[in-house]
Amino acid sequence: MVALDMGGCMHRGIIQHELNHALGFYHEHSRSDRDNYVNIMYQYISPGQVKNFDKQNTNNLGLEYDYASVMHYNSFAFSNTSGQPTIVTIPAPNIPIGQRDGLSVLDVSKINRLYQCNVCAYLLNEKNGSLTSANYPSAYPNNASCVWLIRTPSNQVTLNFAAFDVQSSPNCISDYIRIYDGPTKKDPLLLDRTCGTGLIPPIIASTNQLLVEFSSDSSVTGVGFKATYSSVQCGGAFYTPERNFTSPGYPNSYGPNMNCIYTITAPVGKKISFMVTDFQTEDVKFCMYDYLEILDGSTWKGPFCGKGPFCGNYKIPSFTSQGNSLWLRFVSDSRVQFRGFQASYKFGEYYSLVFIYS
Ligand SMILES: [Zn+2]
């Protein structure tokens, strides 16, 4: 709680100063490194007031000493001798201190750092565009905490990385990128904490919104990342250990002229247990018009032959992948639509099992 005296404290800078104490900040001239920036003139301070000039073991949050801080005393604070300052700035004695107009730029930065707020936040709302980490292609800053909200005018956002170099650490606890399938950190993950070097595979969100989070700690950096975004009509690129997904609009009709690509990628060494839980498309011979096809591998050159095309009410058998990836395509023509498909998958360690279907 902060109580303020009506008599002299109802000024913005004073209110902000007191609230900043409540947020956990000491006076700027009490910082652990203050002796490099100010000299305290003890000879002009009454003994009873000396505690106001005690140095504290402060967390300076990696930000420089701030003469312009709303938390800095003025030169004559608690002086017992008229005209004699109690604080003298270094290197020159005439640097202004003690302003109470309001929070300085660094005061704001300090609050954001202490409370780990995303001070670096961007909205990207064009049809397509690009994003990079700060300072790219130079090293990104320490203690970065940034988000990019990508909101394309329609369809589904797709994000393609052109470069990726983020300090590697076990479980990416130090520096990492994380991508959410929606506009907030409460949305499901498209890509969990990722670090290291090498390319991140293409990302496809399930809607027109996607959130990219980037965080760095206080040491060792890389050059960061560069990516471009645009949108696709349908499809998905999945990296999380399990999820359900459907054809566009499911359980309503999937719409005409769809060509949707879905990729599922497990970590190397894992396999994918895959299941279609509901399926209905236009039913014609050879599945010429609307169909789902599945490749056990990431492309047509994958390690195993394709499955499908499937159409009509065909009961697609469940199976486990041979390798760590699956590739699916859902196609519709211009006429006659049904509800499409609903599918689910799960990563796992499986014994080698060849699924034979006819
Ligand atoms: Zn104070």
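**A cavity, a sheet and Gln167**

Guide: In this predicted model, the largest cavity is lined by Cys120, Tyr122, Ser133, Ala134, Pro141, Ala144, Cys146, Trp148 and Phe214. Strand 3 (120-124) and strand 5 (145-151) are the elements that give two or more residues to this lining.

Visitor: What makes the residues of this lining nonpolar, polar or charged?

Guide: The lining divides into eight nonpolar residues, one polar and no charged. Ala, Phe, Trp, Tyr, Cys and Pro count as nonpolar, and Ser133 belongs to the lining; Ser is not in the nonpolar or the charged list, so Ser133 counts as polar.

Visitor: What is the volume of the largest cavity?

Guide: Its volume is about 30 Å³, and the structure holds one cavity of 30 Å³ or more.

Visitor: Why do strand 3 and strand 8 (189-194) count as edges of the sheet?

Guide: Five strands form an open sheet in the order 3-5-11-7-8, with mixed pairing. Strand 3 and strand 8 each have a single partner strand, so one side of each lacks a neighbour in the sheet. From one strand to the next, the twist averages 10 degrees.

Visitor: How do you know that strand 5 and strand 11 (residues 209-215) pair?

Guide: Pairing requires at least two bridges; seven bridges join these antiparallel strands. Arg151 stands opposite Gln209 in strand 11.

Visitor: Why is Gln167 called buried?

Guide: The cut-off for buried is under 20% relative accessible area; Gln167 has 14% relative accessibility and therefore counts as buried. Gln167 is found in the loop between strand 6 (156-166) and strand 7 (176-180). Beyond its neighbours within four places in sequence, Gln167 is in contact with residues including Tyr140, Cys195, Asp217 and Val220.

Definitions and conventions. Residues numbered from 1 in each chain as written. Predicted model: local features only at pLDDT ≥ 70, side-chain atom pairs only at ≥ 80, totals over all residues. Heavy atoms only, no water. Helix = DSSP H or I, 4+ residues; strand = E, 2+ residues; numbered from the N terminus. Buried < 20%, exposed > 50% of the residue type's maximum accessible area, 1.4 Å probe, protein only. Contact = heavy atoms within 4.5 Å. 1 Å grid on protein atoms, 1.4 Å probe; cavity = no way out; pocket = protein on both sides within 12 Å on 5 of 7 lines; lining within 4 Å. Points joined across faces, edges and corners; volume = space filled by probe spheres on them. Axes fitted to C-alpha atoms, helices over the stretch in contact; angles between N-to-C directions.
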